[in-house]
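Subject: Structure for you to look at

Dear colleague,

Here is the structure that I promised to hand over, and below it you will find a written account of what turned up in it. Please keep the view open while you read, so that you can find each residue as it is named.

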Amino acid sequence: AMNPDFGETEADEFTSEISRFEIFFPEKRKFFTEGANYFNTPMDLFFTRRIGAPLPDGEPQRILQGGKITGKSGPWTIGALEAVTQGMDFLDPTAGAWQKAPGAFFGVLRVQHDLWQKSAIGFMSVNRRQGTGEVGQNESTHALDLSILSGTHIRWNSQVMVNLNDANPGVNGQHLGWLSEFTYDSNQFMYLVAGKFLGREVDLSHTGYEPQTDRWSGQLEAEWKPFINRWGVRQLFFEGSFGESNGTRGELEEQAARGTVQVQFKNFWNV
């Protein structure tokens, strides 16, 4: 696709959600939603709504042009996207003065190679280049990911990345991030073990959607779901989980344990 109409889209739905992290709004522009699955990875390293994002006065930065190529050939899957935004003047609501938001170039490359029957290894590179200014900055993220599916029950997704950004110059261990999630899910049992780390120097605020940086987290889940098929009951679900998040300096941020029991009747009503 080349030079599409980026302005043809519906408005976001109102949300009353309150969070200390940025609230997610899905992409609705047709150019970006078509073939979006080609750019999906275990972590949200590329968020298309960063392209043409609203300026501090609420007006979106105009997209001058964009191009995209996606496809699959044999074991290879590829997605490439580029876009250029226009430099614009905006009225800073805080300072009450006009400022300049420089234009920016976005370049994204996603390559994936099939392994065995249902597994794959992939590479992702997301880049944003913008001139100096108070609004915006240069960011780049490069990552490797591995997705393994074994049989019909076992799935393991993992990814490791490095993020370079002008907000935190240089590169060290706090510019790194990783995610690993193992799941076993059958008709009777489900087990999940997951871990994630995003260093305090990681900044994806202009290219991706991973607002919970400066933390590592872990999660454990187990579920037993026996079929009863008597007394009007179809299936029972017994689930327990535990999760914890800590800052990179060791401070506890969140900790939660949960247990649930659910009854599913033969008419598929649930209690």
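The accessible surface of the chain comes to about 15500 Å² in this predicted model, and 57% of that surface belongs to carbon and sulfur atoms. Of the 271 residues in the chain, 37% are buried. One place on the surface deserves a careful look, namely a nonpolar patch formed by I78, L109, F123, L144, V160 and W178, which together have about 510 Å² of accessible area. Within that patch, F123 belongs to strand 6, which covers residues 119–130, and with a relative accessibility of 31% F123 counts as partly exposed, because the term buried is kept for values under 20% and the term exposed for values over 50%.

As for the overall build, the chain has 1 helix and 14 strands. If you take the contacts between residues at least 6 apart in sequence, 51% of them join residues that are at least 24 apart.

Let me turn to the charged side chains. Side chains of opposite charge can pair when their charged atoms come close. How many salt bridges does a search of the whole structure find? The search finds 9, and I describe some of them here.

In one of these, the side chains of D114 and K72 meet with 2.7 Å from N to O. This pair links distant parts of the chain, since D114 lies in strand 5 (residues 104–115) and K72 in strand 1, 42 residues apart. D114 has a relative accessibility of 31% and therefore counts as partly exposed.

Strand 5 also holds R110, whose partner D145 is in strand 7 (residues 139–150), 35 residues apart in sequence; the side chains of R110 and D145 meet in a salt bridge at 2.6 Å, again N to O. Are the two residues of this bridge buried or exposed? R110 counts as buried because its relative accessibility is 2%, and D145, at 5%, counts as buried too.

A further salt bridge joins K225 to D185, with the closest N and O atoms 2.7 Å apart. K225 is in the loop between strand 11 and strand 12 (227–230), while D185 is in strand 9 (residues 176–185), so the bridge ties together parts of the chain that are 40 residues apart in sequence. K225 is buried, with a relative accessible area of 11%, whereas D185 is partly exposed at 35%. Finally, R215, E253 and E254 are linked in a network of salt bridges.

The aromatic rings come next, and the structure holds 6 aromatic pairs. In one of them, the ring centres of F39 and F46 are 5.9 Å apart and the planes stand at 70°, so this pair is edge-to-face; both F39 and F46 are buried. F47 and Y209 form another edge-to-face pair, with 5.6 Å from centre to centre and 65° between the planes. The two rings come from distant parts of the chain, F47 from the loop between helix 1 (30–33) and strand 1 (63–73), and Y209 from the loop between strand 10 (189–198) and strand 11 (215–224), which puts them 162 residues apart. F47 is buried, with a relative accessible area of 10%, and Y209 counts as buried at 13% relative accessibility. Elsewhere, Y184, F189 and Y191 form one aromatic cluster.

Charges are also found over rings: K68 lies over the face of F31, at 4.7 Å from the ring centre, and the charged end of R230 sits over the ring of W231, 5.2 Å from its centre.

One last residue to find in the view is N163, in strand 8 (residues 154–165), which counts as buried because its relative accessibility is 0%. Leaving aside residues up to four places away in sequence, N163 touches S140, T141, H175, E201, V202, D203 and L204. N163 and V126 are 37 residues apart in sequence, and their C-alpha atoms are 9.4 Å apart in space.

With best wishes

Terms used: Residues numbered from 1 in each chain as written. Predicted model: local features only at pLDDT ≥ 70, side-chain atom pairs only at ≥ 80, totals over all residues. Heavy atoms only, no water. Patch = residues over 30% accessible without salt bridge, like charges linked within 9 Å, V, L, I, M, F, W, Y side chains within 5 Å. Areas by Shrake-Rupley, 256 points an atom, 1.4 Å probe, with all protein chains shown as cover. Salt bridge = Lys/Arg side-chain N within 4 Å of Asp/Glu carboxyl O. Helix = DSSP H or I, 4+ residues; strand = E, 2+ residues; numbered from the N terminus. Buried < 20%, exposed > 50% of the residue type's maximum accessible area, 1.4 Å probe, protein only. Phe/Tyr/Trp six-rings, centres within 6.5 Å; stacked < 30°, edge-to-face > 60°. Lys NZ or Arg CZ within 6 Å of the ring centre and 35° of its normal. Contact = heavy atoms within 4.5 Å.
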